[in-house]
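Dear colleague,

As agreed, I am handing over the structure for you to look through at your own pace. My notes on what was found in it follow below.

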Amino acid sequence: MDLPERVTLIEVGPRDGLQNEKNLIPAKNKIEFISLLKNAGFQEMELTSFVSPKWVPQMQDASVIIDRCLDDLRNFVLAPNQKGIDLAVESGVKHIAVFVGVSDTFNKKNINKSTEESMNELRPLIQDLKRRGFFVRACISTSFYCPFEGKIDEQDVLKICLDFEEMGVDELSVADTIGMANPSECFELFSLLKHHLRGTTLLTAHFHDTRGMALANIFASLQAGIDRFDTSAGGLGGCPFAPGASGNVASEDVVHMLSQMGISTGIHLDKLLEAAAYISPLLSKPVSSKQFQLLKNVPQP
Ligand code: HMG
Ligand code: MG
């Protein structure tokens with residue numbers, strides 16, 4: 001099999017992982033969680049998001065988190081609109097992630113705009129960010145299935161990716177928001193995107209594990225040439241406005257699978273599990289990743 005020797009994992013636990021958590025986690029604990037994750041070796045991470053505190057109360061401390069966690073690594077902050085991008089620029093971050101849904105209904109529920117309205121708002125903002133030297137990542141939700149509209153046409157995903165590429169984004173993160181995709185669909189979509197996108201645009205896959213398909217989907221995406229994956233420590237996560245979305249694929253389960261396959265990630269599994277163990281007692285639900293459960297319940301050889 002023609003698989004990459006090395007894969008980059010983008011840790012999304014502090015943002016996607018925590019955004020839907022019912023317990024309000026104090027900023028100091030988020031900052032320690034981020035520090036433990038960096039200590040495990042992550043070079044790229046979504047720290048937080050600038051969104052309405054009325055819509056997503058857990059992210060209301062975004063400025064504090066950024067103030068304490070910025071360093072030379074790729075620290076992403078999500079922003080869906082002009083206000084979010086203005087706040088992100090003021091905060092001093094250099095890596096901004098915009099987000100939009102392929103499905104109009106989902107985008108309205110998530111950002112209160114149609115997909116086209118969001119793209120039209122983002123176009124000049126992204127072009128301006130690029131002129132000023134920012135790194136821009138575009139997260140594309142509901143790239144396989146929408147909780148309201150069902151199956152998404154892969155040509156619609158391709159069109160949004162090409163539009164973002166034309167605006168100058170550095171990275172596209174293509175997401176299975178509600179964890180409904182299967183490995184064949186992942187292979188097909190990522191092969192199509194690889195074929196049509198410039199080789200210089202980073203292409204990342206973002207899987208939620210609602211139906212236990214995420215590791216299989218990663219394996220299929222590897223075969224389509226993808227070597228970047230968004231993952232979340234402890235398998236935390238989910239979008240509050242996507243009914244049925246459960247946690248992201250767990251970083252520790254992905255690190256374990258890839259290392260068993262001889263693919264390096266640069267992440268230390270034991271330190272990553274320390275980060276998951278640190279955040280676990282603060283959460284309203286138990287951490288269910290396989291590696292975390294093994295650590296707790298099975299004596300290690
Ligand atoms: P709206 O109500 O239409 O916004 O919401 P508005 O422009 O009318 O403003 C309403 C209030 O929000 C105003 O404050 C604005 O200042 C404020 P007020 O005057 O009432 O005090 N506001 C903001 N505050 C902070 N940051 C901002 C911002 N914008 C306006 N950026 C809005 C529109 C986009 C704000 C709202 O819909 C929202 O916050 N949505 C958040 C959605 C979200 O965070 N979803 C989860 C992240 S996406 C995701 O998880 C998917 C992903 O993981 C990939 C995948 O798995 O699919 C990336
Ligand atoms: Mg997500």
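The loop between helix 5 (104-111) and helix 6 (115-131) holds Asn112, a residue which, in this predicted model, has a positive phi of about 65 degrees although it is not a glycine. Asn112 is exposed, with a relative accessible area of 55%, a value that counts as exposed because the cut-off for that word is over 50%.

A second residue that is not a glycine and yet has a positive phi, here of about 45 degrees, is Thr142, which lies in the loop between strand 5 (135-141) and strand 6 (145-146). Is Thr142 buried or exposed? With a relative accessible area of 0%, Thr142 is buried, whereas Asn112, as said above, is exposed.

Turning to the metal site, which protein residues serve as donors of the magnesium ion (ligand 2)? They are Asp16, through OD, together with His206 and His208, each through NE2, and these donors lie 2.0 to 2.3 Å from the ion. Along the sequence the donor residues follow the spacing D-x189-H-x1-H, so that, as the pattern is written, one position separates the two histidines while 189 positions separate the aspartate from the histidine that follows. Both histidines can also be placed with respect to the surface: His206 is buried, with a relative accessible area of 6%, and His208 is buried as well, at 4%, since buried means under 20%.

As for the chain as a whole, it has 12 helices and 10 strands, and its C-alpha atoms fill a box of roughly 55 × 45 × 35 Å when this is taken along the principal axes. For 301 residues a compact globule would have a radius of gyration near 19 Å, and the 18 Å found for the chain agrees with that. Buried residues make up 55% of the 301 residues, and, of the contacts with a separation of 6 or more, 74% are accounted for by residues 24 or more positions apart in the chain.

Finally, on the surface and the charges, the chain exposes about 12,700 Å², of which carbon and sulfur atoms supply 50%. The chain carries 29 positive and 38 negative charges, and the mean positions of these two sets are 5 Å apart.

With best regards

Methods. Residues numbered from 1 in each chain as written. Chains lettered and ligands numbered in written order. Predicted model: local features only at pLDDT ≥ 70, side-chain atom pairs only at ≥ 80, totals over all residues. Heavy atoms only, no water. Donors = N, O, S within 2.8 Å, 3.2 Å for Na, K, Ca; no water. Buried < 20%, exposed > 50% of the residue type's maximum accessible area, 1.4 Å probe, protein only. Helix = DSSP H or I, 4+ residues; strand = E, 2+ residues; numbered from the N terminus. Rg over C-alpha atoms; globule rule 2.2 N^0.38 Å. Contact = heavy atoms within 4.5 Å. Areas by Shrake-Rupley, 256 points an atom, 1.4 Å probe, with all protein chains shown as cover. Lys, Arg positive; Asp, Glu negative; His and termini not counted. Charge placed at Lys NZ, Arg CZ, Asp CG, Glu CD.
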